[in-house]
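Biologist: Hi! I am new to reading protein models. Could you walk me through one?

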Amino acid sequence: MILTVNRNMKGDDSLEQVMREENTADSFPVLTIADIDLLDEFDC
């Protein structure tokens, strides 16, 4: 699994562009956190 806060389409080697071109049913899932600061609210 890949966890990222940056999944834009800026450039041929951006994560989003690579996922669109290389994604298969066997690929690892990618989770994108829109606002990383919100995760602090759930700290234990």
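Modeller: Gladly! Let us begin with the vocabulary: helices (H or I, at least four residues) and strands (E, at least two) are DSSP runs, numbered from the N terminus. Glu21, for example, sits in helix H1, which covers residues 15-22. This is a predicted model, so local features need pLDDT of at least 70, side-chain atom pairs count only at pLDDT 80 or more, and totals for chains, interfaces and linings use all residues. Residues are numbered from 1 along each chain as its sequence is written, and side-chain values use heavy atoms, with hydrogens and water left out.

Biologist: How many helices and strands does the protein have, and in what order do they run?

Modeller: The protein has one helix and two strands. Starting at the N terminus, the order is β-α-β. Strand E1 spans 2-4, and strand E2 spans 30-32. Along the principal axes, the C-alpha atoms fill a box of roughly 40 × 25 × 10 Å.

Biologist: How do I read whether a residue is buried or exposed?

Modeller: Buried means under 20% relative accessible area, exposed means over 50%, and partly exposed is in between (1.4 Å probe, protein chains only). Here, buried residues make up 14% of the 44 residues in the protein. Ser14, in the loop between E1 and H1, counts as buried because its relative accessible area is 5%. Val18, in helix H1, is partly exposed because its value is 34%. Asp26, in the loop between H1 and strand E2, is exposed because its relative accessibility reaches 77%.

Biologist: Which residues is Ser14 in contact with, leaving aside its neighbours within four places in sequence?

Modeller: Contact means heavy atoms within 4.5 Å. With those neighbours left aside, Ser14 is in contact with Asn8 and Met9. By the same reading, Val18 is in contact with Asp12, Asp13 and Asn23. For the protein as a whole, take the contacts with a separation of 6 or more: residues 24 or more positions apart account for 47% of them.

Biologist: How far apart in space are Asp26 and Asp40?

Modeller: They are 32 Å apart, C-alpha to C-alpha, with their positions 14 residues apart in sequence.

Biologist: And how do I read a salt bridge?

Modeller: Side chains of opposite charge can pair when their charged atoms come close. The term used here is a side-chain nitrogen of Lys or Arg within 4 Å of a carboxyl oxygen of Asp or Glu. The structure holds one salt bridge. In that pairing, the side chains of Arg20 and Glu16 meet at 2.9 Å, N to O. Arg20 and Glu16 are separated by about one helical turn because they are four residues apart in helix H1. Arg20 is exposed at 58% relative accessibility, whereas Glu16 is buried at 12%.

Biologist: What about patches on the surface?

Modeller: Patches are made of residues with over 30% relative accessible area and no salt bridge; like charges are joined within 9 Å, and nonpolar side chains (Val, Leu, Ile, Met, Phe, Trp, Tyr) within 5 Å. Lys and Arg count as positive and Asp and Glu as negative, while His and the chain ends are not counted. The place of a charge is taken as NZ of Lys, CZ of Arg, CG of Asp or CD of Glu.

Biologist: Which residues gather in the patch of negative charge?

Modeller: They are Asp12, Asp13, Glu21 and Glu22. Glu21 counts as exposed because its relative accessibility is 51%. There is also a nonpolar patch of Met1, Leu3 and Leu31, with about 350 Å² of accessible area together. Accessible areas come from the Shrake-Rupley method with a 1.4 Å probe; for residues, only the protein chains shown count as cover. Met1, in the segment before strand E1, is exposed at 65%.
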